[in-house]
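Colleague: Please put the model up. I would like to go through the contacts with the RNA, then the interior.

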Amino acid sequence: MTVRVRFAPSPTGYLHVGGLRSAIFNYLFARHYGGKFILRIEDTDRKRFVADSLADILSSFRWMALDWDEGPEVGGSYGPYLQSQRLPIYQEYTQKLIDSGHAYHCYCTPERMETLRQEQMRLKQNPGYDRHCRNLSAAERQTAIAQGVIPVVRLKAPLEGVTVFHDALRGEIITENQTLDDLVLMKSDGYPTYHLANVIDDHLMQITHVLRADEWIPSTPRHVLLYQAFGWEMPVFAHLSLILDPNGKGKMSKRKTVDASSGQEHFVQVREFRQAGYLPEAMLNYLTLLGWSYNDKTEIMSREEFIASFDLKGIKASPAAFSYDKLNWMNGIYIRELPAAELARHLIPFLEQAGIKPTDDITTWPTLLAIIPLVRERLKTLAEAPALVDFFFQEIGLPDPESLQGKLTPAETRLILEQTRSILATLPEFTATATEEALRDMAGQLGKKPGVIFTPVRVAVTGKTVAPPLFGSLEILGRQRVDERLARAIAQFEMPC
RNA sequence: GCCCCCAUCGUCUAGGGGACCAGGACGCGGCCCUUUCAAGGCUGAAACAGGGGUUCGAAUCUCCUUGGGGGCACCA
């Protein structure tokens with residue numbers, strides 16, 4: 001039997017990082033066992049439908065290189081893979097349930113359901129359908145139909161006994177049937193609910209393993225009831241623990257937040273991570289290790305290594321808090337491991353978005369490729385690059401005198417800048433080693449520590465107190481531009497402030 | 001309120017009766033390297049939620065308590 005698993009998002013919003021992790025687990029599981037990874041779109045809620053969310057899901061998958069074997073845009077022999085295109089199937093199977101006595105029409109209006117719910121809350125009873133229509137007489141049914149009420153179809157859940165299912169991660173989960181109510185299977189708009197569509201499709205698509213989020217555990221017994229009503233064999237269930245907010249309090253938020261103390265933005269949508277300059281490889285690595293582990297040592301694993309070793313045994317049942325700190329660290333590692341040309345290619349869109357055009361004017365401006373060795377290990381995300389390298393590609397503003405000075409006096413600063421300018425102007429070769437040697441000599445002659453005199457030069461040339469390594473930067477900027485920037489910095493000290 | 005799930009350093013985790021006065025990683029502190037910032041190296045602080053069992057022996061098995069999380073829609 002070949003393994004067949006699915007990820008089944010509903011297109012009600014952009015793909016969430018929690019959903020992505022479920023997708024990754026399914027994907028790795030399928031690839032490990034040489035099975036099929038199916039993408040099915042559960043678009044049965046017409047009210048919450050978001051038009052471009054399907055496109056977002058697909059593009060997020062492509063970005064992550066989670067290739068699906070069956071689903072939208074690739075097809076497959078168990079389609080269609082959009083539930084909205086499978087309505088006749090659900091109707092057919094619903095009728096079977098009605099015919100076999102496992103389901104019934106319910107004519108209760110939304111208004112009645114609302115008052116019922118409020119009454120139950122008032123009496124501190126458990127909310128749930130009171131089975132009002134479960135045993136309607138023919139006359140009562142006729143009256144409702146005559147009034148033009150469009151019914152829903154409900155499952156006739158057993159009133160006593162227990163429903164048991166086996167979760168691959170947690171063992172037996174037993175539910176008292178009296179805690180289950182008669183859930184809606186078919187809505188009055190003719191669309192199935194998740195519960196019905198999910199069971200029918202998993203069966204028809206021959207899904208062997210259902211790896212889905214923890215939050216589905218409470219409704220699984222109802223799914224089991226449906227499998228039993230249809231007389232179908234159940235898939236293996238494995239419920240994945242939830243991802244918690246970084247503080248460990250509650251399910252990870254659906255909206256981006258900003259951490260008050262660190263200022264770190266807490267992204268939640270896959271597209272946000274992408275825009276913030278995280279690499280898909282890092283996301284895959286981090287997310288897989290959030291809830292699954294290989295051993296007590298390994299932190300960095302490639303996709304191939306994950307595929308080779310991923311299975312249900314390594315999955316933890318307890319929820320896990322998302323750590324942006326650790327993701328940042330890991331993303332930095334992946335950035336550093338990227339070949340220079342590859343990193344440059346990744347960086348270009350981020351630079352362009354910041355108004356930097358690294359490909360323009362390469363005769364007068366430096367090439368991105370030359371800069372990469374200087375900045376590579378300073379990046380945690382791609383989005384940090386523009387602020388670090390902008391001075392290579394565009395003019396800088398007038399350097400701030402206080403930053404230029406550092407701990408020096410204005411007179412000392414000016415002297416250093418002037419001497420630097422004249423020394424660099426006479427250097428036969430404008431290389432990193434030559435400029436460094438020259439400035440170190442100069443420091444010795446001035447009786448200053450080298451680091452002290454590098455500061456004004458750095459600020460003059462880069463406009464920043466924190467910048468890539470100075471001498472490499474000088475070489476890339478070139479003699480003429482360095483000279484111009486030194487001159488402008490010196491001018492700062494010619495007029496009294 | 002009712003039902004369900006979970007429980008090792010702040011966080012992610014290793015651990016499945018003796019190999020553990022609990023190992024790794026992120027983060028945090030210190031030192032080294034160093035032109036700033038990083039990166040890197042070394043190093044330090046930091047956990048078995050509590051209480052009953054079972055056992056010669058429990059982080060590991062069991063029960064209870066506590067804590068945390070999730071679910072109770074004509075949403076998925």
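Modeller: Start with Pro-469: one of its backbone N or O atoms lies 3.3 Å from a base oxygen of RNA strand B. That is a polar contact, a pair of N or O atoms within 3.5 Å. The model is predicted: local features need pLDDT of at least 70, side-chain atom pairs count only at pLDDT 80 or more, and totals for chains, interfaces and linings use all residues. Residues are numbered from 1 along each chain as written, chains are lettered from A and ligands numbered from 1 in the order written, and side-chain values use heavy atoms, without hydrogens and water.

Colleague: How far does a backbone N or O atom of Ala-467 lie from a base nitrogen of RNA strand B?

Modeller: Pro-469 reaches a base oxygen through its backbone. Ala-467 also uses a backbone N or O atom, but its partner is a base nitrogen. The distance is 2.6 Å.

Colleague: Which part of RNA strand B does a polar side-chain atom of Lys-380 lie 3.0 Å from?

Modeller: Of the strand B atoms within 4 Å of the protein, 72% belong to sugar or phosphate and the rest to bases. The Lys-380 side chain lies 3.0 Å from a phosphate oxygen.

Colleague: Which element gives the largest share of the surface near RNA strand B?

Modeller: Near means a heavy atom within 4 Å. Elements are DSSP runs: helices (H or I, at least four residues) and strands (E, at least two), numbered from the N terminus. Those giving two or more residues include β4 (152-155), α18 (450-462) and α19 (470-477). The largest share, four residues, comes from α11.

Colleague: Is Asp-167 buried or exposed?

Modeller: Asp-167 sits in strand β5 (residues 162-167). A polar atom of its side chain lies 3.0 Å from the backbone nitrogen of Arg-170. Buried means under 20% relative accessible area, exposed over 50%, partly exposed in between (1.4 Å probe, protein chains only). Asp-167 has 0%, so it is buried.

Colleague: Which helix gives the most to the largest nonpolar core?

Modeller: A nonpolar core is a set of buried Ala, Val, Leu, Ile, Met, Phe, Trp, Tyr and Cys residues joined through side-chain atoms within 4.5 Å. The largest has 105 residues, with Ile-24, Phe-61 and Phe-322 among those with the most contacts inside it. Nine of its residues come from one helix, α1 (residues 17-32).

Colleague: How many residues does the second, separate core have?

Modeller: This core includes Tyr-90, Ala-103, Leu-155 and Ala-229. Its count is 34 residues.

Notes:
Polar contact = N/O pair within 3.5 Å; in protein donor to acceptor, adjacent residues only side chain to side chain.
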